[in-house]
Amino acid sequence: MLFDSTHELVGRKNIELFVKGGRGLTALRAPSGKFHLYQFRKPKDPENFNHWCLFAFCRDIDGRWKYTGMLKDTMEFSHTPGSKFSEDSEQFKGAAYIVKMMKNDMDTPMKVYHGGRCSVCGKPLKNKYSLERGMGYRCKKHLLEELTRYNVK
Ligand SMILES: [Zn+2]
């Protein structure tokens with residue numbers, strides 16, 4: 001198991017919202033069983049950014065979370081000078097792949113999982129509705145309002 005409890009995010013929309021939640025942990029898993037863990041985080045100082053964005057982190061083999069790339073409000077994912085993984089690394093490509101899965105309904109053997117915690121507030125999720133989406137009902141509502149406010153694509 002990837003997490004204490006592992007739940008698949010099925011479908012583009014669920015993956016998209018979960019990532020946009022801003023603090024969710026995800027695992028991208030290949031059919032071989034190989035996986036990487038990611039977290040797309042909101043900036044700690046959003047006032048210093050003139051647009052909505054998320055920073056992708058990937059957990060490295062040493063167990064540390066390392067900055068991987070940046071997701072802009074236009075849903076472009078890019079490698080930036082601070083990225084700790086090279087552009088052709090599995091870690092960077094995996095993060096870019098998650099973004100691709102957020103944008104397109106893809107026929108892919110790759111799977112995205114979450115560990116049963118809300119990607120907005122971090123609390124453990126209990127009911128079926130929340131576990132399917134990786135967020136609670138109220139957090140989803142607040143997130144959608146926030147995304148509208150920031151004009152996120
Ligand atoms: Zn929540």
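In helix α4, the residues that count as buried are Cys139, Lys140 and Leu143. Viewed down the axis of α4, these buried residues fall within an arc of 100°, so they line one face of the helix. The model is a predicted one.

The buried residues of α4 pack against two other helices, α1 (12-20) and α3 (128-133). On the face of α4 turned away from that buried side are the exposed residues Tyr137, Arg138, Lys141, Glu145, Thr148 and Arg149.

The length of α4 can be checked against its residue count. The helix covers residues 137-149, which is 13 residues, and at 1.5 Å a residue these should span 18 Å; the end C-alpha atoms are 19 Å apart, which agrees. After α4 comes Asn151, which has a positive phi, near 60°.

From α4 the description moves to α1, one of the helices its buried residues pack against. α1 also packs with helix α2 (residues 90-103), at an angle of about 125° and with the axes 7 Å apart. Angles of 65 to 115 degrees count as roughly perpendicular and those over 145 as roughly antiparallel; α1 and α2 are therefore oblique to each other. The crossing in which α1 passes α2 is left-handed. On the α1 side, the contact is made by Arg12, Ile15, Glu16 and Val19, and on the α2 side by Ile98, Met101 and Met102.

Terms used. Residues numbered from 1 in each chain as written. Predicted model: local features only at pLDDT ≥ 70, side-chain atom pairs only at ≥ 80, totals over all residues. Helix = DSSP H or I, 4+ residues; strand = E, 2+ residues; numbered from the N terminus. Expected span 1.5 Å × (residues − 1). Buried ≥ 20, exposed ≤ 12 C-beta atoms within 10 Å, placed from the backbone. Arc of directions from axis to C-beta. Contact = placed C-beta atoms within 7 Å. Axes fitted to C-alpha atoms, helices over the stretch in contact; angles between N-to-C directions. Parallel < 35°, antiparallel > 145°, perpendicular 65-115°, else oblique. Left-handed = near helix turned anticlockwise from the far one by under 90°.
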